[in-house]
Amino acid sequence: MKFFVDTADLAEIRDLAATGLLDGVTTNPSLIAKAGRNFIDLVAEICEVVSGPVSAEVAATDYETMLAEGKHLSKIAPNVAVKVPLTPAGLKVCRALANEGTMVNVTLCFSAAQAILAAKAGAAFVSPFVGRLDDIGQNGLGLIQEIVEIYNAYPAFTTEVLVASVRNPIHVVESARMGAHVATMPPNVIRQLAHHPLTDKGLSQFVADWAKTGQSILDQKLPVRD
Ligand code: G3P
């Protein structure tokens, strides 16, 4: 499973990229507004830090303007994935950009029917929002299961399931069990994945026991080999 970070905070992106665990970045207009930076400059900087797909979302909702914005955004860097909403106009833009070889992430997907359309429109990624479905009492992970099953039934569908609106590690683990290709997560969820209280407890014990040996690994000579 690929890990994308869902943020426009460059410091966070740099920090997570340095771990070697980051495969891409997703942004949206809300995250860009929070960053308070010039959109194009920020996306260009993110694309220099992360070589994998970096999603940059169009702002318009009509076909002509979305297409023009998508073409503009795609010129920022080769790893830009243009993000378009899952509307009839957005799907039309997806097809047009995909035909030109641009990666498209179709976002705001809330049903399996919508995900089928995204695949047929040639999307590189479809973004079903699990957390927002859970928020209204629906089954976000159930949607991931449905989409993965459908896509697996049609090898001609090359669209990757990009699990979005992820709120906790359970969303990530369950999506991975279902075979979703990508999870995009806020930085805090990526960090939560590493934590387990027994890891912390076990490590404290090992550190304490090692101290009792009075040894230093780096001070010890390696065996000589002929
Ligand atoms: O970027 C799309 C998605 O991940 C947004 O998540 O938490 O605003 O529902 P959220």
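Q: Which residues of α4 are buried?
A: This model is predicted. Buried means under 20% relative accessible area. In α4, the buried residues are Met 66, Leu 67, Gly 70 and Leu 73.

Q: Why are these buried residues said to be on the same side of α4?
A: Look at the arc they cover around the helix axis. Here the arc is only 130°, so they are on the same side of α4.

Q: Which residues are exposed on the other side of α4?
A: Exposed means over 50% relative accessible area. Glu 64 and His 72 are exposed there.

Q: What do the buried residues of α4 pack against?
A: Two helices and two strands are named below.
The helices are α3 (39-49) and α5 (88-99). The strands are β3 (54-57) and β4 (80-85).

Q: How many residues does helix α4 have, and what should they span?
A: Count 1.5 Å a residue. Helix α4 (residues 63-74) has 12 residues, so the span should be 16 Å. The end C-alpha atoms are 16 Å apart, which agrees.

Q: Where is Thr 26 found?
A: Thr 26 is in strand β2, which covers residues 24-26.

Q: Is Thr 26 buried or exposed?
A: Compare the relative accessible area with the cut-off, under 20% for buried. Thr 26 has 1%, so Thr 26 is buried.

Q: Which side chain does the side chain of Thr 26 join in a polar contact?
A: Look for N or O atoms within 3.5 Å. The side chains of Thr 26 and Asp 6 make such a contact, at 2.7 Å. Setting aside residues up to four places away in sequence, Thr 26 also touches others, including Phe 4, Leu 31, Ser 55 and Thr 184.

Q: Which residues of the largest nonpolar core touch the most other members?
A: That core has 61 residues. Val 84, Val 106, Ile 144, Tyr 151, Val 161 and Met 185 touch the most other members. Take Tyr 151. Beyond its neighbours within four places in sequence, Tyr 151 is in contact with residues including Ala 115, Ile 116, Phe 157 and Val 161. A second, separate core has 5 residues, among them Phe 125 and Leu 162.

Q: How many disulfides does a search of the whole structure find?
A: The search finds 0. A disulfide needs two cysteine sulfur atoms within 2.5 Å.

Q: Why is there no bond from Cys 47 or Cys 94?
A: Check the closest cysteine sulfur each time. For Cys 47 that sulfur is in Cys 94, 18 Å away, too far for a bond. For Cys 94 the closest is in Cys 109, at 12 Å, also too far. Cys 47 is buried at 10% relative accessible area, and Cys 94 is buried at 0%.

Key:
Residues are numbered from 1 along each chain as its sequence is written. This is a predicted model: local features need pLDDT of at least 70, side-chain atom pairs count only at pLDDT 80 or more; totals for chains, interfaces and linings use all residues. Side-chain values use heavy atoms; hydrogens and water are left out. Helices (H or I, at least four residues) and strands (E, at least two) are DSSP runs, numbered from the N terminus. Buried means under 20% relative accessible area, exposed over 50%, partly exposed in between (1.4 Å probe, protein chains only). A polar contact is a pair of N or O atoms within 3.5 Å; within protein, one must be able to donate a hydrogen and the other to accept it, and residues adjacent in sequence count only if both atoms are side-chain atoms. Contact means heavy atoms within 4.5 Å. A nonpolar core is a set of buried Ala, Val, Leu, Ile, Met, Phe, Trp, Tyr and Cys residues joined through side-chain atoms within 4.5 Å. The expected span of a helix is 1.5 Å times one less than its number of residues. The arc is that of the directions from the helix axis to the C-beta atoms.
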